[in-house]
Amino acid sequence: MSFSFWEQATFHAPPRLTIVGAGIVGLWTAIHFKRRFPKSKVLVLERGANPGGASVRNAGFACFGSPSELLADTQNEGSDAMLRRVEERWRGLLEMRAELGDGAIGFEQTGGHELYASDSPLYKRVEEGFDKLNDELRRIFGEPPFRWSNERIEAFGISGLLHMTRTDLEGPVHSGKLIAALLLKAHEHGIQFRWNAVVTELSEQANHVLVRLNDSTVLKSEQVLLATNGFTPDLLPDLDVVPARGQVLLTEPIPGLRLRGTFHMEEGYYYFRDLNGGILIGGGRHLDIEGEATSNEGTTPMIQTALESIVREHLCSDASMQVCMRWSGTMAFGSRSKEPLVQRMSDRIGVAVRLSGMGVAIGIRVARRASEMMSE
Ligand SMILES: Cc1cc2nc3c(=O)[nH]c(=O)nc-3n(C[C@H](O)[C@H](O)[C@H](O)COP(=O)(O)OP(=O)(O)OC[C@H]3O[C@@H](n4cnc5c(N)ncnc54)[C@H](O)[C@@H]3O)c2cc1C
């Protein structure tokens, strides 16, 4: 079929930037880029009928890191890298709230917490490093962000865990509303979308990039940015991006539930919150790191059982508690770093990927860097 002049000029003119992936990073990058070049055509290609990646399958914590995770990050990557990342997450959280509004994204500043068993080695490590960490973080927040809050554990109906830290600065969002608000903003900016468009191959030419889709369509674009996070290895297998599946379950509403806010355990490997009157809990990837290094969707009995055990042991002893939903999503890590990867792969192709387990707050900042990179 041949196109008309109108089709060619309106829908098939090569975009100045094509972004692959309609998650938090892809959508914010499109918005930032379009603000910079309002007259340019910006196209987002998404393989799902709607955004289908981690951004809509996560736990919805708008967070910057719990003490045990930040101490582990310091040990693995040094204090400067840890502080830089926390600052980016914190700034991102403030920017996202200012841009979209708390109501539109369901943000509630209920506080973020981390829990420890009384005699665990992890608790000892956090106890030892707590004051120094708080002191280092003071330069970002203007005050120490964390405090011990053991006395509130019981009020949340939590049992069997004796120590808790709290920050007032975090809270949950509604991840569906967040993406819906971003889509609305993207539409207001005149960004174009093509859904059910799986990119299978990119081929850079002298003046453009050819983008091949699974239905054999080939699109032309001046530049392409991959915002494909955990699915990046499908297109760039040599890049240091390791997919990591995160599993989640949600219980039916629990009468009299007192849990409120976001909660972490074990360096962020477990996390839970109240949602819809029930408990959402996720994590357990450390129980099978190799098996969970996959972008395949699915849940496994071992990890789901571990998640249920935490609920029953610490959060709800009611034997009639029922799980109503289970799902998984794909994160992306570097083999040695949790640092997001924003880089040009060639003259016309760039990536903004590898958001680790905490992309909600930092996504807007990663996207700004990506937009600047693709503007150069
Ligand atoms: C279970 C789970 C819980 C999490 N909980 C939290 C949390 O509480 N707080 C937090 O801050 N972070 C959390 N995260 C991490 C956070 O969700 C991610 O870091 C963030 O959403 C990444 O955004 P993104 O835009 O980079 O990637 P994604 O949202 O994954 O977007 C990538 C998009 O690219 C599309 N795509 C991929 N390949 C192609 C292709 N070939 N062609 C076309 N489209 C393609 C995908 O369909 C997808 O929509 C969690 C992640 C998971 C999995």
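Of the 45 residues around the ligand, those that come nearest are Gly21, Gly23, Gly53, Gly246 and Gly359. Two or more residues of this shell come from each of the elements α2 (24-36), β13 (242-251) and β17 (323-333). The model is a predicted one.

The protein chain is divided into domain 1 (5-56 + 177-240 + 337-375) and domain 2 (109-169 + 241-333). The centres of domain 1 and domain 2, taken over C-alpha atoms, are separated by 31 Å. Contacts between the two involve 16 residues of domain 1 and 10 residues of domain 2. Where does the ligand lie with respect to domain 1 and domain 2? Both domains give residues to the shell around the ligand, so the ligand lies between them.

The residue classes of the ligand shell and of the domain 1 side of the contact are as follows.

| Set of residues | Nonpolar | Polar | Charged |
|---|---|---|---|
| Side of domain 1 that touches domain 2 | 7 residues | 6 residues | 3 residues |
| Shell around the ligand | 22 residues | 19 residues | 4 residues |

A further element to describe is helix α3. Which residues of helix α3 (residues 67-77) are buried? They are Pro67, Ser68, Glu69, Leu70, Leu71, Ala72 and Asp73. These buried residues of α3 pack against the helices α4 (79-100) and α6 (121-141), and also against the strands β4 (112-116), β6 (163-167) and β14 (262-265). After α3 comes Gly78, which has a positive phi, near 90°.

Terms used:
Residues numbered from 1 in each chain as written. Predicted model: local features only at pLDDT ≥ 70, side-chain atom pairs only at ≥ 80, totals over all residues. Buried ≥ 20, exposed ≤ 12 C-beta atoms within 10 Å, placed from the backbone. Helix = DSSP H or I, 4+ residues; strand = E, 2+ residues; numbered from the N terminus. Contact = placed C-beta atoms within 7 Å. Domains from an automatic or database assignment. Nonpolar A, V, L, I, M, F, W, Y, C, P; charged D, E, K, R; others polar. Near = placed C-beta within 6 Å.
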